[in-house]
Amino acid sequence: MEESIITTIKNADRYFAVRQFSDCKDKIVFYFNKWTVWVLIEERRIITAFYLRYENIEEFFEERNIQYGLSENCEKETYIEVKKNENNKYAKFIRTVQDGC
């Protein structure tokens, strides 16, 4: 499992910022080859990693009713796709984590 986590973080080709009801904290999801690694930004720690049984990650979000567009008040679970070359806190975090692997 550890090897899958490192491979997913290093080689991720899609990234998502996710906000959930449970804690209203931002998580970055690294996605590669149907593997996801969820990293809590504030604490800089991996909170979960798993292989998706779905065709794509959007199906996973849809089944769990996680909607596109980050909510400000956490009234609903939401996500956005992040591009690694953007100039925002999410993209900077992604680059930092990948450089650290």
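1. Asp26 is found in strand β2. The structure is a predicted model, and the points below concern this residue and the cysteines.

2. Asp26 is buried, its relative accessible area being 10%, a value that falls under the 20% limit for burial.

3. Two polar contacts of the Asp26 side chain deserve attention. One is made with the side chain of Arg19, at 2.6 Å; another is made with the side chain of Tyr90, at 2.7 Å.

4. Leaving aside residues up to four places away in sequence, Asp26 touches Val18, Arg19, Val39, Leu40, Ile41, Lys89 and Tyr90. Arg19 and Tyr90, the partners in the polar contacts, are thus listed among the residues that Asp26 touches.

5. The structure holds 1 disulfide, which joins Cys24 to Cys74 with an S to S distance of 1.6 Å. Cys24 lies in the loop between β1 (14–19) and β2 (26–32), and Cys74 in the loop between β5 (67–68) and β6 (78–82), so the pair ties together parts that are 50 residues apart in sequence.

6. What is the handedness of the disulfide between Cys24 and Cys74? The torsion about the S-S bond is about 85°, and the disulfide is therefore right-handed.

7. The two bonded cysteines may be considered in turn for accessibility. Cys24 counts as partly exposed, at 36% relative accessibility, whereas Cys74 is buried, with a relative accessible area of 11%.

8. Cys101 should also be noted: at 38% relative accessibility, Cys101 counts as partly exposed.

How values were computed
Residues numbered from 1 in each chain as written. Predicted model: local features only at pLDDT ≥ 70, side-chain atom pairs only at ≥ 80, totals over all residues. Heavy atoms only, no water. Disulfide = S-S within 2.5 Å. Helix = DSSP H or I, 4+ residues; strand = E, 2+ residues; numbered from the N terminus. Buried < 20%, exposed > 50% of the residue type's maximum accessible area, 1.4 Å probe, protein only. Polar contact = N/O pair within 3.5 Å; in protein donor to acceptor, adjacent residues only side chain to side chain. Contact = heavy atoms within 4.5 Å.
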